[in-house]
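Subject: Structure handover

Hello,

Please find the structure below. My notes on it follow, with the cut-offs given where each term comes up.

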Number of protein chains: 2
Amino acid sequence: MKHEDAHQHVHHNHNDCIESALSTAEALCIQQGQRLTKVRRRALELIWESHRPLGAYQLLAKLAEEGFNSAPPTVYRALDFLLGAGLIHKVESMNAYLGCAHADKAHKGYFLICDECHNVMEFDYQDIHAALVEKAARQGFELRAETIELTGLCEKCKGKSVGASA
Amino acid sequence: MKHEDAHQHVHHNHNDCIESALSTAEALCIQQGQRLTKVRRRALELIWESHRPLGAYQLLAKLAEEGFNSAPPTVYRALDFLLGAGLIHKVESMNAYLGCAHADKAHKGYFLICDECHNVMEFDYQDIHAALVEKAARQGFELRAETIELTGLCEKCKGKSVGASA
DNA sequence: GTTTTACTTGTTATATCATAACAAAATTCT
DNA sequence: AGAATTTTGTTATGATATAACAAGTAAAAC
């Protein structure tokens, strides 16, 4: 399974990455008095294992294979919990869910989404955030949440295919 | 910074605003050899009349009331056309559609969405766009489209309700 | 350590958003 | 008019998400 993680631009050990995310998640939940139950924990792992945004029903199918309940509320409850805890993000333009790489630091999830390979890179630019907050404030608007989803071609796909489709 | 936004929080004559959008739309379609048929034109008007994001099925219901066909493809085809022509935007985080205030100028649709009153302001900040393009490029990413949806409290609602809901 | 409480999960049903596939009609081109 | 293209009608289904209520489980209070 180490092969399909064609995910990000930088090589890394995907298992380490999942383990780290999970132990961060556990620490955060304990700290906040939240319960990372079996299904929530497994959902988070599965999202990380895909390492690209996973649809709710894809996730549900994986959970069902492992003996969890297979009705939609199961997966949406897990997703709600993980979203609320800041452990995952929803990519609105894809209706899909992605592990949050910086759950421990307060941050905004900004995404670069490749149209060809559908990999997603999360990035976190404080200066853009600051500019958005300030510009919203000029219109009297108090910012609470940001959905920043940029699509285009990642470095690899830009080189490969000019007109081809995935 | 001038006040580039320009539509929602400022008083304006809504009818003028719709008429202007429609005549821009007509001009653009002719220019591009596209056909702004009855249903497309009426869909665009209805979206503008709501002046806040309209769901596909809400729009479908309105069209059906006026004697248009009431099957979903009717409305999705109209929406696809209008999106393709740049006459409307889709607000991904709401699954809803909004008239584009600057259809004639190439631009990115950035939105401020109020959590309380659900009004949406479109804004267009060239400097943020430039920063995003540049930062994406640093990661080898070639930007094609941007989904920038900021939620929070608009000026009116910030004053009114601190904890109340709409 | 049992009761009470809060939280979590199971279950059924349904709401909401969107597209596939193919037929019919209208428009445009020659 | 005839052919080609585009648009619309129609039926069916896929994909995403939530409501409502019952049952179970863990934590807190006693």
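**Protein-protein interface**

Between chain B and chain A the rule finds four salt bridges, a salt bridge being a side-chain nitrogen of Lys or Arg within 4 Å of a carboxyl oxygen of Asp or Glu. One of them joins B:Arg144 to A:Asp115, with the closest N and O atoms 3.1 Å apart.

Before the rest, the conventions. This is a predicted model, in which local features need pLDDT of at least 70, side-chain atom pairs count only at pLDDT 80 or more, and totals for chains, interfaces and linings use all residues. Residues are numbered from 1 along each chain as its sequence is written, chains are lettered from A and ligands numbered from 1 in the order in which they are written, and side-chain values use heavy atoms, with hydrogens and water left out.

There are 16 residue pairs in polar contact between chain B and chain A, both residues being at pLDDT 80 or more. A polar contact is a pair of N or O atoms within 3.5 Å; within protein, one must be able to donate a hydrogen and the other to accept it, and residues adjacent in sequence count only if both atoms are side-chain atoms.

On the chain B side, the elements that give two or more residues are strands E3 (110–114), E4 (120–123) and E5 (142–153) and helices H5 (126–138) and H6 (155–160). Helices (H or I, at least four residues) and strands (E, at least two) are DSSP runs, numbered from the N terminus. E5(B) gives the largest share of this side, 12 residues. By class, the side has 18 nonpolar, seven polar and 11 charged residues. Here Ala, Val, Leu, Ile, Met, Phe, Trp, Tyr, Cys and Pro count as nonpolar, Asp, Glu, Lys and Arg as charged, and the others, Gly among them, as polar.

In total, the contact (heavy atoms within 4.5 Å) takes 36 residues from chain B and 35 residues from chain A. The area buried between the two chains is about 3,400 Å², and carbon and sulfur atoms give 57% of it. Buried area is the accessible area (1.4 Å probe) that two parts lose on being put together, summed over both. B:Gln139, B:Phe141 and B:Arg144 supply 20% of the area that chain B buries against chain A, more than any other three residues.

Strand E5 (residues 142–153) of chain A runs antiparallel to E5(B), and 11 bridges join them; two strands pair if DSSP finds at least two bridges between them. Within this pairing, A:Thr151 has B:Ala145 as its bridge partner.

**DNA strands**

DNA strand C is surrounded by 18 residues, the closest being A:Thr37, A:Arg77, B:Tyr57, B:Tyr76 and B:Lys90. A residue is near a strand if one of its heavy atoms lies within 4 Å of it. Phosphate oxygens of strand C lie 2.5 Å from a side-chain N or O atom of B:Lys90 and 2.7 Å from a polar side-chain atom of A:Thr37. H4(B) provides the largest share of the surface near strand C, four residues.

For DNA strand D, 18 residues surround it, and the closest are A:Tyr57, A:Tyr76, A:Lys90, B:Thr37 and B:Arg77. Sugar and phosphate make up 53% of the strand D atoms that come within 4 Å of the protein. A phosphate oxygen of strand D is 2.7 Å from a side-chain N or O atom of B:Thr37, and a polar side-chain atom of B:Arg40 lies 3.2 Å from a phosphate oxygen of strand D. Four residues from H4(A) form the largest share of the surface near strand D.

Regards
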